[in-house]
Amino acid sequence: PILDYCSPVWNVHKNCNVDKLESVQRRATRMILCQRRGEQSYQDGLKTLDLITLESRRTYLTVSFAC
């Protein structure tokens, strides 16, 4: 929730900033699953935890906010 806070307002557009934010969730995903870097792909970890990428969530929230 903290990473999504007011995302429709501040939504980042530069890829380097998107990657920095996404790296937070990548690291958290690995910690929750007790894995080391490279053991499982990020996408597989998200599926295991039934999550979506932060970028997808920000896009969803932006579209929801506009309606």
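## Long-range contacts and overall make-up

Take the contacts in this predicted model with a separation of 6 or more: 50% of them come from residues 24 or more positions apart. As for burial, 22% of the protein's 67 residues count as buried.

The secondary structure is quick to list: four helices and zero strands. Read from the N terminus, the elements go α-α-α-α.

## Where α2 meets α3

Helix α2 covers residues 15-32, and helix α3 covers residues 42-49. Their axes come within 10 Å and cross at roughly 65°, with α2 passing α3 in a left-handed crossing.

On the α2 side, the residues involved are Glu22, Gln25, Arg26, Thr29 and Ile32, and they meet Tyr42, Gly45, Leu46 and Leu49 of α3. Sorted by type, the residues of this contact come out as four nonpolar, three polar and two charged.

## Gln25, up close

Is Gln25, a residue of α2, buried or exposed? Gln25 is buried, because its relative accessible area is 7%, and the cut-off for buried is under 20%.

So what does Gln25 touch, leaving aside its neighbours within four places in sequence? The partners are Tyr42, Leu46, Leu51, Ile52, Thr53, Leu54 and Arg57. Two of these names, Tyr42 and Leu46, also turn up among the α3 residues that meet α2.

## Arg26 and the ring of Tyr42

Tyr42 has another partner to look at: the charged end of Arg26 sits over its ring, 4.8 Å from the ring's centre. Arg26 and Tyr42 both belong to the α2 and α3 contact described above. As for ring-on-ring pairs, the count of aromatic pairs comes to zero.

Notes:
Residues are numbered from 1 along each chain as its sequence is written. This is a predicted model: local features need pLDDT of at least 70, side-chain atom pairs count only at pLDDT 80 or more; totals for chains, interfaces and linings use all residues. Side-chain values use heavy atoms; hydrogens and water are left out. Helices (H or I, at least four residues) and strands (E, at least two) are DSSP runs, numbered from the N terminus. Buried means under 20% relative accessible area, exposed over 50%, partly exposed in between (1.4 Å probe, protein chains only). Contact means heavy atoms within 4.5 Å. Axes are lines fitted to C-alpha atoms, for helices over the stretch in contact, and angles run from 0 to 180 degrees between N-to-C directions. A crossing is left-handed if the near helix is turned anticlockwise from the far one by less than a right angle, and right-handed if clockwise. Ala, Val, Leu, Ile, Met, Phe, Trp, Tyr, Cys and Pro count as nonpolar, Asp, Glu, Lys and Arg as charged, and the others, Gly among them, as polar. Rings of Phe, Tyr and Trp (its six-membered ring) pair if their centres lie within 6.5 Å; planes under 30 degrees apart count as stacked, over 60 as edge-to-face and the rest as tilted. A charge sits over a ring if NZ of Lys or CZ of Arg is within 6 Å of the ring centre and within 35 degrees of the ring normal.
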